[in-house]
Amino acid sequence: MVGQKRTVQPSQIDKLQIAIAVKYAAEQDLDVAVKGGGHSTAGASSTQGGLLIDLGRMRGVRVDPSKQQLHIQGGALWGDVDEAAWAHGLATVGGTVADTGVGGLTLGGGYGMLSGTRGLVIDNVVGATVVTSGGEIKQASKDENADLFWAILGAGQNFGVTTEFVLQAYPQKEVYMGTCVFSPTPENITKLVGICNDLYAIPSSGQQTKTEGRLNTLLGVGRPPEAGGQTVFLFIFAYDGSEADAKELLQPIFDLDPLVNTAQTGPYPAVNKQIPTVPGFRSSMKGAAFVLPIRESFVTHIIGKYNTFMDTQPDAAPSLMAWELFDPTVVVASEKGCFANRGYHLNSLIMPMWSKAENDMECRHFAREMSLEFKKELEAHGERTSEGVEGGASVKGKKGAVLLYGNYDQYDEISKDIFGDHYPRLQKIKAKYDPSNMFNKLFPIQPEMSKGAHI
């Protein structure tokens with residue numbers, strides 16, 4: 001009505017502004033990149049001479065306590081989500097580092113501290129709002145635009161700008177967590193590797209480990225500032241259960257008399273602040289896969305390679321290598337979304353970090369070299385690893401995909417490797433929602449019927 005003021009919610013303004021920007025980019029044939037938390041090191045959230053849609057000011061999190069659901073804007077960080085949910089005694093599966101963006105992690109699958117009991121982040125997505133390449137604002141859920149919903153759960157960066165996620169949350173108590181630091185002596189390596197193999201061994205397909213999905217561990221190699229330039233072995237853990245049960249499970253670790261032991265019970269948001277992050281550095285988050293049992297000889301070999309690199313490249317002081325350990329039983333059992341990389345394998349993290357551009361080549365070469373070491377180790381376990389452009393340090397899973405986590409940097413893999421048997425269906429959905437292939441920054445899916453493009 002004339003003279004009547006119309007109130008528009010901030011979230012609506014954000015969606016409309018993004019829709020206008022996307023439509024303009026399409027009309028002007030501009031390269032488009034979308035930045036959420038900016039945590040990716042693969043260059044997927046940047047563009048040269050194009051249009052960058054930065055969601056950094058869209059960090060709102062609204063909690064619906066009655067439904068135990070979280071409405072999360074596309075630029076939010078997991079720390080934002082953890083704090084908002086915890087205020088209501090809730091939590092959901094989120095990134096293991098608090099400053100990771102919700103959007104990138106979720107759209108690529110999403111592992112988190114609660115994955116052992118709740119699955120991937122995408123297994124807990126109830127709905128989403130997506131701005132497609134035509135500037136249309138679409139709601140996606142199992143009941144509305146179900147094809148788009150299936151596609152964004154694992155390949156979401158290909159289908160538009162996701163401006164809001166709705167995630168299922170769960171009642172959450174305090175968590176027993178901490179870091180144990182060890183000198184990487186042969187004896188410590190033997191004992192720590194043996195303990196981890198025992199904790200995370202799968203009795204048989206479909207059966208849970210001794211941890212019952214409650215213990216999440218990062219077994220890492222690093223040189224934290226407190227170590228005075230010395231390499232140490234890190235056992236960073238979080239147990240979602242009682243302190244008494246955690247201590248019983250972890251007593252073999254404590255019996256090794258760690259140099260540092262910060263174990264304590266604390267609020268859930270502190271869980272995702274345990275892994276040290278150093279802002280402002282150049283970095284490569286190279287991923288690789290491994291299977292149990294971890295061999296102590298391999299760990300010793302990797303530590304040797306790490307030490308050689310660190311001794312010759314002092315600019316890379318914050319660099320970290322790690323084996324990420326959790327019970328994958330629940331993740332494997334789910335079929336939700338197009339995520340094709342579910343399996344009883346586990347992920348490793350190879351993360352050189354440095355400050356000077358002149359060291360880019362050497363540090364990235366180290367990441368690639370370490371990835372190939374993990375590939376050789378898979379072969380030593382009798383696993384059939386991928387070949388050529390099919391990928392690097394991984395094996396093929398039941399969906400025909402290489403078992404590599406697409407949210408980490410991958411150098412040799414192409415889209416068919418990551419999405420496996422789902423790729424043809426994703427091409428059809430891509431043709432429907434993004435026929436011009438506007439969103440093509442990370443493992444781009446070529447729309448069906450397009451010719452001559454490299455995929």
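## The chain as a whole

Of the 455 residues in this chain, 55% are buried. Keep in mind that you're looking at a predicted model. Its secondary structure adds up to 12 helices and 19 strands.

How do distant parts of the chain come together? Take the contacts with a separation of 6 or more: 69% of them are between residues 24 or more positions apart.

## Ile53, a buried residue

Let's zoom in on one residue. Ile53 sits in strand β2, which covers residues 51–54. Is Ile53 buried or exposed? With a relative accessible area of 6%, Ile53 is buried, because the cut-off for that word is under 20%.

So who does Ile53 touch, if we skip its neighbours within four places in sequence? Its contacts are Ile18, Val22, Val32, Ala33, Val34, Lys35 and Val161. Look at Val32 in particular: Ile53 and Val32 are 21 residues apart along the chain, yet 7.4 Å separates their C-alpha atoms.

## Strand β11 and its two partners

Next up is strand β11, residues 215–222. Eight of its eight residues are buried, so the rest of the structure largely encloses this strand. In a regular strand, side chains alternate between the two faces of the sheet. In β11, Leu215, Thr217, Leu219 and Val221 point one way, while Asn216, Leu218, Gly220 and Gly222 point the other way. Residues pointing either way are buried.

Strands of a sheet pair through backbone hydrogen bonds, and the pairing can be parallel or antiparallel. Which way does β11 run relative to strand β12 (residues 232–239)? They are antiparallel, joined by eight bridges. To find this pairing in the model, look for Leu218, which stands opposite Ile236 in β12. Strand β17 (residues 320–325) also pairs with β11, again in the antiparallel sense, over six bridges. Here you can spot Val221 opposite Met321 in β17.

## A five-stranded sheet

Now for an open sheet of five strands. Their order is β3-β4-β8-β6-β7, and the pairing is antiparallel. Which strands form the edges? They are β3 (61–64) and β7 (137–141), each pairing on one side only. On average, and ignoring direction, neighbouring strands in this sheet are turned by 15° against each other.

At one edge, β7 pairs with strand β6 (residues 125–131) through five bridges, and the two run antiparallel. One bridge to look for links Gly127 to Ser141 in β7. Helix α5 packs on this sheet, where it touches β6 and β7. The direction of α5 makes about 100° with that of β6.

## Helix α5 meets helix α12

Helix α5 has a helical partner as well. Two packed helices are described by the angle between their axes and the distance between the axes. For α5 (residues 146–155) and α12 (residues 423–433), the angle is about 115° and the axes are 10 Å apart. That makes the two helices roughly perpendicular. The crossing of α5 past α12 is left-handed.

Which residues meet where these helices pack? From α5 come Asp147, Leu148, Trp150, Ala151 and Ala155. On the α12 side, they meet Arg425, Leu426, Ile429, Lys432 and Tyr433. Sorted by type, the residues of this contact are seven nonpolar, three charged and no polar.

Technical notes:
Residues are numbered from 1 along each chain as its sequence is written. This is a predicted model: local features need pLDDT of at least 70, side-chain atom pairs count only at pLDDT 80 or more; totals for chains, interfaces and linings use all residues. Side-chain values use heavy atoms; hydrogens and water are left out. Axes are lines fitted to C-alpha atoms, for helices over the stretch in contact, and angles run from 0 to 180 degrees between N-to-C directions. Helices (H or I, at least four residues) and strands (E, at least two) are DSSP runs, numbered from the N terminus. Angles under 35 degrees count as roughly parallel, over 145 as roughly antiparallel, 65 to 115 as roughly perpendicular and the rest as oblique. A crossing is left-handed if the near helix is turned anticlockwise from the far one by less than a right angle, and right-handed if clockwise. Contact means heavy atoms within 4.5 Å. Ala, Val, Leu, Ile, Met, Phe, Trp, Tyr, Cys and Pro count as nonpolar, Asp, Glu, Lys and Arg as charged, and the others, Gly among them, as polar. Buried means under 20% relative accessible area, exposed over 50%, partly exposed in between (1.4 Å probe, protein chains only). Two strands pair if DSSP finds at least two bridges between them.
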